[in-house]
Amino acid sequence: MREERPNALDAVFGALSDPIRRTILARLARGECSVTALGEPFDVSPPAISKHLRVLETSGLITRRKAGRVHYCRLRMDALHRAGDWIEKQGAFWEQQFDALAKYLDQEQP
Amino acid sequence: MILEPVTQRAGVTFRLRRRFTAPRENVFRAWTDPEVLKRWWCPHGWAPAEIEIDLRVGGAFRIGMRRVENSPPIYVYGSFLEVQTPERLIYTWRWENAFEQMPQTRVTVQFFESGGITEVVLIHENLPEINVCLRHRAGWIEAWERIDRSLTP
C-alpha cells in the first residue's frame, strides 16, 4: 500500500461521508452550479448548505468563484480520482493477500 | 476468483471468493494465528512488525508491517464483531500510520470446506462511496472500467 497524500485523502473521505455533500457533488458532476441552485433540493438552511460547501472546498473537492453577487461551485475531478485510486488499491490488496495465502498453504501442506 | 465493486447505499463493497487446497482449520488458523500470519501476510517488499490478535468477540487485533528494517510500521487494526471458529469472522478494519482517519470499514470472512478444499469468501464493506458522485462523468466511468479490468481475472 502506498502512502500517498494520506491527509489530503482523509479530508476527501470525510467530505464524502455525508449524503447531502454527495448529492451536491453529483449535481456538480453535471457542471458548474450556483450556490443558491445547489441548496434548492434540500430542506436545510442556507447557512447549513454554506457549511457543507466549505467542507467540500477545504477537502479540495470543489472550487468556488464569484461573478457579481453570485457564487459558483465547480467539481475538481483530480481529488475524486485520488480517492478512487485508493479504493482500487484496497481491492488489489485483498487479491494480493489471497495469492500470498495460497502460496503459503501450498508450501506448508504435507 | 470473483471480485466486484458493488454499489450500495452504505458505500462500496468488495467481494472476493477463492478456493484453497487445504483443510478449513488450517486456512482459518493461517488467517488468525499471529505466528502463521507473519509468514504470509505482508505484501511483497514488506516485512512483519508486531502482530496481536485477541480472537474473541470484542477482542482487538493489530497487524503491523514495515517496508524495511527500522522504518516505522503501518498497521491494520480493529475488533472482532463475530468469531465462529473455523467458519466465520466479522471484524472492523482501519489503517494506522497510513490512510489515517479513513472511515472505519467492515470485513466478513467465511470459510467453507468440501472435500479437502476450503473456499474463502471475503466481503469488505462500507468503503466510501465515490462513484455515485461521478456517474455522469465519462472520466469516472473510464476509471471504474479500469478498476474492473485490474481486479477481474
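## Chain B at a glance

Of the 153 residues that make up chain B, 26% count as buried. Keep in mind throughout that this is a predicted model. Chain B has three helices and eight strands, and if you walk along the sequence you get the pattern β-β-α-α-β-β-β-β-β-β-α.

How much of the contact list in chain B comes from residues 24 or more positions apart? Among contacts with a separation of 6 or more, such pairs account for 34%.

## Hairpins and strand pairing in chain B

Let's start with β3(B) and β4(B). Strand β3 of chain B covers residues 47-53 and strand β4 covers residues 60-66; they run antiparallel and are joined by five bridges. If you want a handle on the register, A47(B) has R66(B) as its bridge partner in β4(B). The two strands form a hairpin with six residues between them, and G58(B), in the turn, has a positive phi of about 90°.

Further along there's another hairpin, made by β7(B) and β8(B), with two residues between the strands. In that turn, G115(B) is the residue with a positive phi, of about 60°. Nine bridges join β7(B) to strand β8 (residues 117-127) of chain B, and the pair is antiparallel. One register marker here is F111(B), whose bridge partner in β8(B) is V120(B).

β7(B) also pairs with β6(B). Strand β6 (residues 88-96) and strand β7 (residues 105-114) of chain B are antiparallel over six bridges. R88(B) finds its bridge partner, Q110(B), in β7(B).

## Around β5 of chain B

S79(B) sits in strand β5 of chain B, which takes in residues 74-84. Is S79(B) buried or partly exposed? It comes out as partly exposed, because 16 other C-beta atoms lie within 10 Å, and a residue needs 20 or more to count as buried. Leaving out residues up to four places away in sequence, S79(B) touches G58(B), G59(B), A60(B), Y91(B) and T92(B). G58(B) is the turn glycine of the β3(B)-β4(B) hairpin. The C-alpha atoms of S79(B) and R62(B) are 8.7 Å apart, with their positions 17 residues apart along the chain.

If you're scanning for odd omegas, look at T85(B) and P86(B): a cis peptide bond joins them, with omega at about -5°. P86(B) belongs to the loop between β5 and β6 of chain B.

## A one-sided helix

In helix α1 of chain B (residues 24-32), the buried residues include R24(B), V27(B), F28(B), A30(B) and W31(B). They cover an arc of only 160° around the axis, so they sit on the same side of α1(B).

## The cores

Nonpolar side chains tend to be buried together in soluble globular proteins. Which residues touch the most other members of the largest nonpolar core? Out of its 23 residues, those are V12(A), A15(A), L28(A), L56(A), L61(A), I62(A) and A83(A). At least two residues each come from α1 (6-16), α2 (19-28), α4 (46-58), β3 (70-75) and α5 (77-108) of chain A, and also from β2 (11-20) of chain B. The biggest giver is α5(A), with five residues. Apart from this core lies another, of 11 residues, among them W41(B), M65(B), I74(B) and V76(B).

L61(A) is worth a click in your viewer. Not counting its neighbours within four places in sequence, L61(A) is in contact with V12(A), A15(A), L25(A), L56(A), L75(A), R76(A), A79(A) and L80(A).

## The α5 helix and the sheet of chain A

How does the span of α5(A) compare with what 1.5 Å a residue should give? Its 32 residues should span 46 Å, and the end C-alpha atoms are 47 Å apart, which agrees. The buried residues of α5(A) are A79(A), L80(A), A83(A), G84(A), W86(A), I87(A), G91(A) and L101(A).

Chain A also has an open sheet of three strands, in the order β1-β3-β2, with antiparallel pairing. Its edge strands, β1 (33-34) and β2 (62-67) of chain A, each pair on one side only. β1(A) and β3(A) are joined by two bridges, and S34(A) has Y72(A) as its bridge partner in β3(A). Lying across β1, β2 and β3 of chain A is α2(A), which runs at about 90° to β3(A).

Methods
Residues are numbered from 1 along each chain as its sequence is written. Chains are lettered from A and ligands numbered from 1 in the order in which they are written. This is a predicted model: local features need pLDDT of at least 70, side-chain atom pairs count only at pLDDT 80 or more; totals for chains, interfaces and linings use all residues. Two strands pair if DSSP finds at least two bridges between them. Helices (H or I, at least four residues) and strands (E, at least two) are DSSP runs, numbered from the N terminus. A nonpolar core is a set of buried Ala, Val, Leu, Ile, Met, Phe, Trp, Tyr and Cys residues joined through C-beta atoms within 7 Å. A residue is buried if 20 or more other C-beta atoms lie within 10 Å of its own, exposed if 12 or fewer, and partly exposed in between; C-beta atoms are placed from the backbone. Two residues are in contact if their C-beta atoms, placed from the backbone, lie within 7 Å. The arc is that of the directions from the helix axis to the C-beta atoms. The expected span of a helix is 1.5 Å times one less than its number of residues. Axes are lines fitted to C-alpha atoms, for helices over the stretch in contact, and angles run from 0 to 180 degrees between N-to-C directions.
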